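Reader: I should like to go through this structure with you, one question at a time. Please give the reasoning before each result.

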Amino acid sequence: MSFLVIDVGTSGVRAAIVDPDAHITRDAYREVLPSSPAPGLVEFDPVAMAEAALACATEVLAGESVEAVGITNQRASTIVWDRASGEPVGPGIGWQDLRTVGDCLVLQAEGLRLAPNLSATKLAHLLDQHDPDRSRDLCFGTVDTWIAWQLSQGALHVTDLSNAAVTGLVDRDGSGWDRRVLEVLRIPAEILPAIVDSTGVVGQATALPGEPPIAALVGDQQASLVGQGCVAPGPAKITFGTGAMLDAVYGPTRPGFETRGGGGTFPIVAWRRDGRATWGIEAIMLSAGTNVEWLRDDLGVIATAEESHTVAAQCAHTDGVVYVPALLGLGTPYWDYGARGALLGLTRGTGRPQLVRAVLEGVAQRGADLVEAAELDGGTPIPSLRIDGGMSRNPTFVQALADACGRPVEVSPVVEATTLGAALLAGLSTGAWGSWDDVAGTWQPREVVEPAGTLDRDRWREAVERAKGWHADLSALDF
């Protein structure tokens, strides 16, 4: 039997059928773009998102029978709706939304450390706007919760621990909702979903043909981790999209650092199975593919993202040009929101190929930063790196990444491994895959790229120092 996966991203919704050999056999996609009504605000329409999910699922299920459903999603985006009517209260607030930065700084001064990308202050904002006295019968959920509610026609109000743990509302050890945070933000416990396993049947998708069971809920980066076979300490994956996320399994115990390790990574819940959490670490690059989009859309240096490979391949090296991809600041390990992009070493002889190659190599150098940070905070060597996302299809970039990291890079057979991960977790629940070893055995990279040279890491660190602290007020922020 095959599995249905509903994958809700930041810009659209995909449904796919995954067969027992972990291959995607059919998929459908609907664009659901967020809006930005003012600088720093990111909103979306939860009803349009739900309608797209149901439409895509119905389309791929035509003539198909599936064993179970898996749901994977953008994390920390926040939705509040009326329990009786199912109608959303206000817009959905995207994970990138920054409207609560001031609230986070005030709470930090009071000893409560919450980042603006987490759900906690977004939920408090929606309640302050639409239920100031906390008297309404409302439901809160991240995107997984909202989609499960829709698929079950209101019977399920659940989230898994991988999603709950990045709301800012969960106890440090992942054991349940944090009563202190709820009290400070005036969040009624009764509006919160039940926390369930990431793999395990939670109910029926009665809104779909055949009413298949919902057997997996998982955040997108954790799903990508599973989809690339990184289910035990050792290998790590990076998803290179607009930004980039490195994730690696840590083990059954939580990393010892509170919010951020010495290398700048965060503790995450990778998944929960049979009531037991597996922990991981996550490193973040704030801008990855954004830099290629900048070359294409703003500078007109390339006509398509794919052309960045062919143009960069026209030169063997950058002739000393170094690019620091800090268009949105620097994440792991530096965490400098005031850093800005820097292009150094230009001469009269610098041409289009050198510029484009420098941008690709700059993103590769940042990838090596993430690997070094994960090895430091995880305490485990990363012998090989697995990658997915749009930039994983760029041969020049992948080679630069292998050279910067000094280790082989295994390229995912599919651009987005999140879908495969959600299907594998659903199949683990139903017995289609009997163990984590079986899940790991499904990994078959499209290619393995070995290092063919080196990139100058010392010169890179000098360039980063020049890019840091450009906006001192933003550089002073820390969450």
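**Aromatic pairs, helices and charges**

Author: Tryptophan 149 is buried in this predicted model, with a relative accessible area of 9%.

Reader: Is tryptophan 81 buried or exposed?

Author: The limit for a buried residue is a relative accessible area under 20%. Tryptophan 81 has 0% relative accessibility, and therefore counts as buried.

Reader: How many aromatic pairs does the count come to, and of which kind is the pair of tryptophan 81 and tryptophan 149?

Author: The count comes to nine aromatic pairs. In the pair of tryptophan 81 and tryptophan 149, the ring centres are 5.4 Å apart and the planes stand at 65°. Planes over 60 degrees apart count as edge-to-face. The pair is therefore edge-to-face.

Reader: How many residues apart in sequence are the parts that this tryptophan pair ties together?

Author: Tryptophan 81 belongs to strand 6 (residues 79-82), and tryptophan 149 to helix 4 (residues 143-151). The pair therefore ties together parts whose separation in sequence is 68 residues.

Reader: Which residues do ring pairs link into a cluster?

Author: Aromatic pairs are counted for rings of Phe, Tyr and Trp with centres within 6.5 Å. Links of this kind form a cluster of Phe266, Trp335, Tyr337 and Phe479.

Reader: Why do the buried residues of helix 2 line one face of the helix, and which residues are they?

Author: Viewed down the axis of helix 2, the buried residues fall within an arc of 125°, so they line one face. Helices 3 (119-130) and 6 (179-185) are included in what covers them. In helix 2 (residues 101-109), the buried residues are Val101, Cys104 and Leu107.

Reader: What phi does glycine 111 take?

Author: Glycine 111 comes just after helix 2. Its phi is positive, at about 90°.

Reader: Why is cysteine 230 without a bond to cysteine 405, and how many disulfides does the structure hold?

Author: A disulfide needs two cysteine sulfur atoms within 2.5 Å. The sulfur closest to that of cysteine 230 belongs to cysteine 405 and is 14 Å away, so it is too far for a bond. Cysteine 230 is itself buried, at a relative accessible area of 0%. The number of disulfides in the structure is zero.

Reader: How many salt bridges does a search of the whole structure find, and what separates the closest N and O atoms of aspartate 369 and arginine 366?

Author: The search of the whole structure finds 29 salt bridges. Aspartate 369 and arginine 366 lie three residues apart in helix 10 (residues 352-378), about one turn of the helix. Aspartate 369 is buried at 3% relative accessible area, and arginine 366 is buried at 1%. They form a salt bridge in which the closest N and O atoms are separated by 3.0 Å.

Reader: Which residues join aspartate 458 and arginine 461 in one network of salt bridges?

Author: The side chains of aspartate 458 and arginine 461 meet in a salt bridge with an N to O distance of 3.3 Å. Both residues lie in helix 14 (residues 457-467), three residues apart. Aspartate 458 is exposed, with a relative accessible area of 54%, and arginine 461 is partly exposed, at 36%. Salt bridges with shared partners join these two into one network with Arg366, Asp369, Glu372 and Arg457.

Definitions and conventions: Residues are numbered from 1 along each chain as its sequence is written. This is a predicted model: local features need pLDDT of at least 70, side-chain atom pairs count only at pLDDT 80 or more; totals for chains, interfaces and linings use all residues. Side-chain values use heavy atoms; hydrogens and water are left out. Buried means under 20% relative accessible area, exposed over 50%, partly exposed in between (1.4 Å probe, protein chains only). Helices (H or I, at least four residues) and strands (E, at least two) are DSSP runs, numbered from the N terminus. The arc is that of the directions from the helix axis to the C-beta atoms. Contact means heavy atoms within 4.5 Å. Rings of Phe, Tyr and Trp (its six-membered ring) pair if their centres lie within 6.5 Å; planes under 30 degrees apart count as stacked, over 60 as edge-to-face and the rest as tilted. A salt bridge is a side-chain nitrogen of Lys or Arg within 4 Å of a carboxyl oxygen of Asp or Glu.
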